[in-house]
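Trainee: I've just opened this one and don't know my way around yet. Can you walk me through some of the details?

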Amino acid sequence: MATDLASRLDVGDVVRDLSDHARVLFGADRGAVILLDAEGRVSSPGGTGFTEDYLAAAREIEAARLAQRDIPPRRPEIVLGPDALRSRTPVRAAAVQEGVDTLLIVPLVDGHELHGMLHLAHDRPYRWREADLDAAEALAGDAAVAVRSARTFSRMATWAAQLQSIQRLGARLSGLTDVAAIGHAIANELRQLIDYHNVRVYRVQGDDLVPVAMLGQVGEYQDETPDQLRIGVGEGITGWVARYRVPQLVDDSAKDPRAITIPGTEPHLDESMLLAPMVHEGQCLGVLVLARLGLRQFTEDDLRLLVIYASFAAQAMANADAAGRLRQQSAALERQLRAQQELLRITESILTTLDQRAVLEQITDRLGSLVAVDNMAIEVVERPTGLLVPLTARGIHADDYMAPWEPGETGIATWVVDHNEPVLIEDERTDPRVNHFRSIGEIEGSLIVVPLLGPHGAAGVLTLERLGTEARFDEQEFELVKLFAAQVSIALRNAESFQAAEVRARTDDLTRLLNHGTFKDWLSRSVAAREPFGLVMIDLDGFKRVNDSLGHQAGDRLLREIAAAILHAARETDAVFRYGGDEFVVVLPRSDEDGIAAVAERIQAAVAGVGGEGTAWHDEGVSVAASVGVASYPADGEHAEDVLLAADRACFVAKRRGRGRVATAKEGRALAGELALSEPTPVDPPSLPDAEGVVTA
């Protein structure tokens, strides 16, 4: 059905096919489409089964809704029937009067544009299922696209017919697409039709009449300049003709009360004039002016001829304007195509970047190749405060964009983050949401500000600024930036998901410390890079008895508290790992022997403090202690396994000396002959309750 609708190039055919398809699809007895157009007109070009009274009532209802800018929801609405909400709406009343049993109204929505309403009625009871409503909504969406396409085709067909008419009537003028060239062609061709001394071709530009061509035959006219001839609409005889669109034959221009003297010319010159407006579709595009020295030099026939020629000239000018717009649109479409191709290439690069900050830092370089800007900035949302923090900026005012926000300060960037909505501001001076830089003040320019979405809302905001008034941002650039931001948002979510997975893979679930695999990787990379480090091996004393006497949940809680104590005792530059079971490892980058010993003693004391007086563990009779062994690279081994084994032996020595002791790799080597350790496997020696029955850990 969608394919059939899309193949229709006439709106009437689309509407009739939609009504027929919908009635067949849903077994409806009646179907009609009420169409709306951009000018506010309402029509019902196709339908089956409904009376004209009902269609007239439906048109009136939609016209009233359109006048009140009441946009219906996208979802189909059951107006009459067993599943309908009880309400006294005009359309329900019309349906009851029509004598139908059920009535469904489906909006024809394309994007945010409402094209019309599909009315489907059954003369017998009918229950609308959710699947039916979904199908109706989908069919209506396809129909809305088909209506828009048919209307676009119709407009294009009309333009083509107009262009053919111009080619037939305009002859040589129709082949010209440049306003200046048309003006000069008019000036030259008129000389073959009407005898004159001077011709001027004016175009209306805003409130002014600007000469685009002029040709003087005698000395009085040969020295005129465009600046001299420029006048306002309504000024002088020429301005009067432009305003009122009435051709004029002036026998004596000097005595005409509307006349004004052109600066630098003789004020009381005997001169006759012919003036005809170039009117196209009710709009004055310009004025043709002929002048001849002497009084009563032109006739009514001359005026009629000039009026006819002005109509050709107006068509040619309109054609040139349309061609100019088409060239601009074509150039814009070409730029958009190139930009989208570049966007695809850029997107591939961004989507393969799995670091959030790297994604954000790539934006300024990548987007600069798509859209011309004077300033570009990225600000990130700081979690959990929600404050905007400048990340990077480039352009004329980069330093101002990098300045931190004052407490409580707001602007368009904070508005975009709060509303999670992109904004195009064509004139930043007139938008009250724009917070102008204090060092610069208000400046001319346009802005595009879009949110960069993360998994939990706006992760940042991208601001683009183009200064001046000549080349403001347009809708196409806005759409391109939004599309780019959407791709960046996907990359941000991918990066955050990857980082979260990476953190989970590197972290111990129970203690939230780095895990055994991460430790082994860190150890291997450090040795491969030959970076000196210290190693502190921590083995809890008799921890198994805590699990046996108090349960594994208590043991897990104790492990978490000990992990936190070790983390707190270590330095900021140190890395703390859970090695396995009740064993922990701390890596101390670039530390000497004294530094390693000091950290080891601090860790041993911190672990003991977990079960110290005043703690819940002390109250439950748990005495917490750990045996600690230390080693360093490369002093105690040139390979990762050697350093780890040295720390392990030292830990074993500390454990043999009694609970809560620290031993060095040197002490471990002194007993190497006695110990049988050949690989890192810390072992707890047998432990028994002390004389008072205290459980040790």
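Mentor: Sure, but let's agree on the naming before we start. Helices here are DSSP runs of H or I with at least four residues, strands are runs of E with at least two, and both are numbered from the N terminus. Also keep in mind that this is a predicted model.

Trainee: Okay. Where does Asn-420 lie, then?

Mentor: Asn-420 sits in the loop that runs between helix 13 (412-419) and strand 14. Its phi is positive, about 50°, although Asn-420 is not a glycine.

Trainee: Why point that out?

Mentor: Because most residues other than glycine have a negative phi.

Trainee: And is Asn-420 buried, partly exposed or exposed?

Mentor: Asn-420 is partly exposed, since its relative accessible area is 38%.

Trainee: Which other non-glycine residue has a positive phi?

Mentor: Glu-281 is one, with a phi of about 55°. You'll find Glu-281 in the loop between strand 10 (271-280) and strand 11 (283-293). Glu-281 counts as exposed because its relative accessibility is 64%.

Trainee: What about the peptide bonds? Which residues does a cis one join?

Mentor: Look at Tyr-633 and Pro-634: a cis peptide bond joins them, with omega at about 10°. Pro-634 belongs to the loop between strand 21 (626-633) and helix 20 (640-656). For background, most peptide bonds are trans.

Trainee: New topic. How many salt bridges are there?

Mentor: The count comes to 33 salt bridges. Let's start with Asp-13 and Arg-16, whose closest N and O atoms are 2.6 Å apart. Both residues belong to helix 2 (residues 11-26), and they are three residues apart, about one turn of the helix.

Trainee: How accessible is Asp-13? And Arg-16?

Mentor: Asp-13 has a relative accessible area of 30%, so it is partly exposed. Arg-16 is partly exposed too, at 39% relative accessibility.

Trainee: Which salt bridge links distant parts of the chain?

Mentor: Try Arg-148 with Asp-110, where the closest N and O atoms are 2.2 Å apart. Arg-148 is in helix 5 (residues 130-170) and Asp-110 is in strand 4 (residues 102-110), so to speak two distant parts of the chain, 38 residues apart.

Trainee: Is Arg-148 buried or partly exposed? And Asp-110?

Mentor: Arg-148 is partly exposed, with a relative accessible area of 34%. Asp-110 is buried, because its relative accessible area is 17% and the cut-off for buried is under 20%.

Trainee: Got it. What is Glu-444 bridged to?

Mentor: Glu-444 forms a salt bridge with Arg-472, and their closest N and O atoms are 3.6 Å apart. Glu-444 lies in the loop between strand 14 (423-425) and strand 15 (445-454), while Arg-472 lies in the loop between strand 16 (457-467) and helix 14 (475-506), so this pair ties together parts that are 28 residues apart in sequence. Glu-444 is partly exposed at 28% relative accessible area, and Arg-472 is partly exposed at 26%.

Trainee: Which residues are linked in a salt-bridge network?

Mentor: Arg-75, Glu-130, Asp-134 and Glu-137 are linked that way. Arg-75 also turns up in the lining of the largest cavity.

Trainee: Oh, how many cavities are there of 30 Å³ or more?

Mentor: One. The largest cavity has a volume of about 40 Å³. Along with Arg-75, its lining includes Arg-65, Glu-77, Ile-105 and Met-117. By class, the lining has five nonpolar residues, three charged and no polar ones.

Trainee: And how many disulfides?

Mentor: Zero, after a search of the whole structure. As for cysteines, Cys-284 is buried at 10% relative accessible area, and Cys-651 is buried at 1%.

Trainee: Last topic: how many aromatic pairs are there?

Mentor: The structure holds nine aromatic pairs. Tyr-126 and Trp-128 make an edge-to-face one, 5.0 Å centre to centre with 75° between the planes. Both of those residues, Tyr-126 and Trp-128, are buried. Phe-519 and Tyr-579 have ring centres 5.7 Å apart and planes at 80°, so that pair is edge-to-face. Phe-519 is in helix 15 (residues 516-528) and Tyr-579 in strand 18 (residues 575-580), so the pair ties together parts 60 residues apart in sequence. Phe-519 and Tyr-579 are buried as well.

Trainee: Which rings form a cluster?

Mentor: Ring pairs link Phe-26, Tyr-126 and Trp-128 into one.

Technical notes:
Residues numbered from 1 in each chain as written. Predicted model: local features only at pLDDT ≥ 70, side-chain atom pairs only at ≥ 80, totals over all residues. Heavy atoms only, no water. Salt bridge = Lys/Arg side-chain N within 4 Å of Asp/Glu carboxyl O. Buried < 20%, exposed > 50% of the residue type's maximum accessible area, 1.4 Å probe, protein only. 1 Å grid on protein atoms, 1.4 Å probe; cavity = no way out; pocket = protein on both sides within 12 Å on 5 of 7 lines; lining within 4 Å. Points joined across faces, edges and corners; volume = space filled by probe spheres on them. Nonpolar A, V, L, I, M, F, W, Y, C, P; charged D, E, K, R; others polar. Disulfide = S-S within 2.5 Å. Phe/Tyr/Trp six-rings, centres within 6.5 Å; stacked < 30°, edge-to-face > 60°.
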